[in-house]
Amino acid sequence: MRLFLAAALMLASTAALAQQNPPSPNPPTLAPILAPLGFLLGDWSGGGNTADGGTARGTSTIRAVAGGGGLLRQDHTDLMGKDGKPVPGAGFDQVMLIYPQDGTLHADYLDGQHTIHYTSAQVVAGESVTFLAEATPATPGFRLGYTRLGATTLHVKFEMLPPGAPGYMTVAEGDVKRRK
């Protein structure tokens, strides 16, 4: 669970050392349903606190794949303990594929230990997207939101709805910055 929380935290943490990428002379052509998510494209960097009092830092790249038919998010996260030293063996990678299916946005997240299948998304074109994974009696629900704060900053919020709980709890929240 610690790695799962840290993975979410890397995305939702306070940003570190970032610069805006220059506009691409040939921006990718995205499938029409994905075009409103173009604000997510780029290289991102962040770092912040973990639930156990340590810290996390990492990088994320979101790019168009399959001829603009999907978006692929690839991340690397490193964890440090309360003493600020790296936690041995606690660096890890994660991926998330965002794609249309039957006229709806879906996303699949994988970090080697956990998988989340987001089956719907709420989109405000060019401004925000919130992915939803419904809870079942045996599994928690999840909500992952990205909100554009400007050309170089995304606000990210990751929430979990434990089975039987009355509402979502925030697992991690913060900002990430575009980097070169």
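**Exercise 1. Salt bridges**

Which residue's side chain meets that of Lys157 in a salt bridge, and at what N to O distance? Place the pair in its wider setting.

*Solution.* The structure under study is a predicted model.

Step 1. The partner of Lys157 is Glu159, and the salt bridge spans 3.8 Å from N to O. This lies within the 4 Å allowed between a side-chain nitrogen of Lys or Arg and a carboxyl oxygen of Asp or Glu, so the pair qualifies.

Step 2. Glu159 also forms a salt bridge with Arg143, where the closest N and O atoms are 2.7 Å apart. This second pair links distant parts of the chain, with Arg143 in strand β9 (residues 141-150) and Glu159 in strand β10 (residues 153-161), 16 residues apart.

Step 3. Taken together, Arg143, Lys157 and Glu159 are linked in a network of salt bridges.

Step 4. Accessibility is assigned next. Buried means under 20% relative accessible area, and partly exposed covers the range from there up to 50%. Glu159, at 10%, is therefore buried. Lys157 has a relative accessible area of 29% and is therefore partly exposed, and Arg143 is partly exposed because its value is 26%.

Step 5. A search of the whole structure finds three salt bridges. Among them is the pair formed by the side chains of Arg73 and Asp75, at 2.8 Å from N to O. Arg73 counts as buried because its relative accessibility is 1%; Asp75, with 4%, is buried as well.

**Exercise 2. Aromatic pairs and a charge over a ring**

How many aromatic pairs does the count give? Describe the geometry and the setting of the rings.

*Solution.*

Step 1. The count comes to two aromatic pairs.

Step 2. Tyr118 and Phe131 form a tilted pair, with 6.0 Å centre to centre and 55 degrees between the planes. Tyr118 lies in strand β6 (residues 115-118) and Phe131 in strand β8, so this pair ties together parts that are 13 residues apart in sequence. Both Tyr118 and Phe131 are buried.

Step 3. The rings of Phe142 and Phe158 have centres 5.6 Å apart and planes at 15 degrees, so this pair is stacked. Phe142 belongs to strand β9 and Phe158 to strand β10, and the pair links distant parts of the chain, 16 residues apart. Phe142 and Phe158 are both buried.

Step 4. A charged side chain also meets a ring: Arg143 lies over the face of Tyr168, at 3.8 Å from the ring centre. Arg143 is also a member of the salt-bridge network with Lys157 and Glu159.

**Exercise 3. A hairpin and a residue that touches it**

In which sense do strands β7 and β8 pair, and over how many bridges? Identify what Pro36 contacts.

*Solution.*

Step 1. Strand β7 (residues 120-124) and strand β8 (residues 128-133) pair in the antiparallel sense over five bridges. One bridge partner is given by Val124, which is matched with Ser128 in β8.

Step 2. The two strands, β7 and β8, form a hairpin with three residues between them. In the turn, Gly126 has a positive phi of about 75 degrees.

Step 3. Pro36 lies in the loop between α1 (2-11) and β1 (42-49). Its relative accessibility is 22%, so Pro36 counts as partly exposed.

Step 4. Leaving aside neighbours within four places in sequence, Pro36 is in contact with Val123, Ala125 and Gly126. Pro36 and Ala125 are 89 residues apart in sequence, yet their C-alpha atoms are 4.3 Å apart in space.

**Exercise 4. The surroundings of Thr153**

Is Thr153 buried or exposed? List its contacts.

*Solution.*

Step 1. Thr153 is found in strand β10. Its relative accessible area is 9%, so Thr153 is buried.

Step 2. The side chain of Thr153 makes a polar contact with the side chain of Lys177, at 2.9 Å.

Step 3. Not counting residues up to four places away in sequence, Thr153 touches Trp44, Thr147, Arg148, Asp175, Val176 and Lys177.

**Exercise 5. The overall fold**

How many helices and strands does the protein have? Add the figures for burial and contacts.

*Solution.*

Step 1. The protein has one helix and 11 strands. From the N terminus on, the elements run α-β-β-β-β-β-β-β-β-β-β-β.

Step 2. Of the 180 residues in the protein, 42% are buried.

Step 3. Among contacts with a separation of 6 or more, 47% are between residues 24 or more positions apart.

Methods
Residues are numbered from 1 along each chain as its sequence is written. This is a predicted model: local features need pLDDT of at least 70, side-chain atom pairs count only at pLDDT 80 or more; totals for chains, interfaces and linings use all residues. Side-chain values use heavy atoms; hydrogens and water are left out. Buried means under 20% relative accessible area, exposed over 50%, partly exposed in between (1.4 Å probe, protein chains only). Helices (H or I, at least four residues) and strands (E, at least two) are DSSP runs, numbered from the N terminus. Two strands pair if DSSP finds at least two bridges between them. A polar contact is a pair of N or O atoms within 3.5 Å; within protein, one must be able to donate a hydrogen and the other to accept it, and residues adjacent in sequence count only if both atoms are side-chain atoms. Contact means heavy atoms within 4.5 Å. Rings of Phe, Tyr and Trp (its six-membered ring) pair if their centres lie within 6.5 Å; planes under 30 degrees apart count as stacked, over 60 as edge-to-face and the rest as tilted. A charge sits over a ring if NZ of Lys or CZ of Arg is within 6 Å of the ring centre and within 35 degrees of the ring normal.
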